[in-house]
Amino acid sequence: MVDLRAMLAKMGFEAVKTYIQSGNVVFESSETNTQILEQQIKEGIAKTFGFDVPVLIKDSTELFAILRESPFQKEEDLASNRIYYVLLKTVPDKESMANLDQRDYPNEHFVVTSNCVYLNCFLGAGKAKLNNNIIERKLKLQATTRNHKTMVKLLELSGQG
């Protein structure tokens with residue numbers, strides 16, 4: 001993550017901060033188009049580290065809205081680390097959304113929106129059947145999953161928490 005921070009700073013991003021070892025980065029940029037930023041960072045990672053990885057950017061306003069609009073707000077769920085946010089790179093189409101059927105995942109409750117799949121894993125994430133790979137495949141898009149604690153921390157790091 002130190003090298004990733006250095007790469008982003010060298011590319012001109014400001015106030016670069018990382019959180020844990022899973023590619024969570026908070027930064028400031030005069031560029032507001034997230035598609036351009038995603039492509040720049042993707043190319044920077046490929047050039048610097050030799051990895052072709054997907055890059056997904058959500059600004060602090062989006063993160064705040066995702067947290068605020070979560071249908072899972074019970075304190076016991078949040079405290080027990082059962083709430084996850086599957087951040088979607090693009091808006092899923094209605095047909096793909098229909099492919100996610102609650103009956104297929106009896107120990108998880110989920111709600112699909114245009115930019116996030118809210119996921120409550122009743123038995124914990126380790127035993128969840130509905131995971132990031134399945135969501136990507138069924139919705140036919142790229143996504144990344146973060147737990148509630150990480151989402152709150154990222155919002156704090158952005159100065160919005």
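Reader: Which word fits Tyr 105 and Phe 110, buried or exposed?
Author: Both are buried. Buried means a relative accessible area under 20%, exposed means over 50%, and partly exposed is in between (1.4 Å probe, protein chains only). This is a predicted model, in which local features need pLDDT of at least 70, side-chain atom pairs count only at pLDDT 80 or more, and totals for chains, interfaces and linings use all residues. Residues are numbered from 1 along each chain as its sequence is written, and side-chain values use heavy atoms, with hydrogens and water left out.

Reader: How many aromatic pairs are there?
Author: The count comes to three. Rings of Phe, Tyr and Trp (its six-membered ring) pair if their centres lie within 6.5 Å; planes under 30 degrees apart are stacked, over 60 edge-to-face, and the rest tilted.

Reader: Why is the pair of Phe 13 and Phe 27 called edge-to-face?
Author: The ring centres are 4.7 Å apart and the planes stand at 65 degrees, so the pair is edge-to-face. Phe 13 lies in the loop between helix 1 (2-10) and strand 1 (14-19), and Phe 27 in strand 2 (residues 24-28), so the pair ties together parts 14 residues apart in sequence. Helices (H or I, at least four residues) and strands (E, at least two) are DSSP runs, numbered from the N terminus.

Reader: What makes Phe 13 buried?
Author: The relative accessible area of Phe 13 is 8%, which is under 20%.

Reader: Why is the pair of Tyr 105 and Phe 110 edge-to-face?
Author: The centres are 6.3 Å apart and the planes are at 75 degrees, so this pair is edge-to-face.

Reader: Why is Asp 59 called partly exposed?
Author: The relative accessible area of Asp 59 is 37%, which falls between the two cut-offs, so the middle word applies. Asp 59 sits in the loop between helix 2 (34-49) and helix 3 (60-68).

Reader: What does the side chain of Asp 59 reach?
Author: It reaches the backbone nitrogen of Thr 61 at 3.1 Å. A polar atom of the same side chain lies 2.8 Å from the backbone nitrogen of Glu 62. A polar contact is a pair of N or O atoms within 3.5 Å, where, within protein, one must be able to donate a hydrogen and the other to accept it, and residues adjacent in sequence count only if both atoms are side-chain atoms.

Reader: Which residues of helix 6 are buried?
Author: In helix 6 (residues 132-139), these are Asn 132, Ile 134, Ile 135 and Leu 139. Seen down the helix axis, they fall within an arc of 165 degrees (taken from the directions from the axis to the C-beta atoms), so they line one face. On the other side, Asn 133 and Arg 137 are exposed.

Reader: What covers the buried residues of helix 6?
Author: The cover includes strand 3 (83-88), helix 5 (94-98), strand 5 (116-121) and strand 6 (143-147), with contact meaning heavy atoms within 4.5 Å.

Reader: What caps the N-terminal end of helix 6?
Author: Asn 131 does, with a side-chain oxygen 3.1 Å from the backbone nitrogen of Asn 133.

Reader: What is the order of strands in the open sheet?
Author: The four strands run 4-5-3-6, with antiparallel pairing. Strand 4 (108-112) and strand 6 each have a single partner strand, so one side of each is left without a neighbour in the sheet. Two strands pair if DSSP finds at least two bridges between them, and strands 4 and 5 have five.
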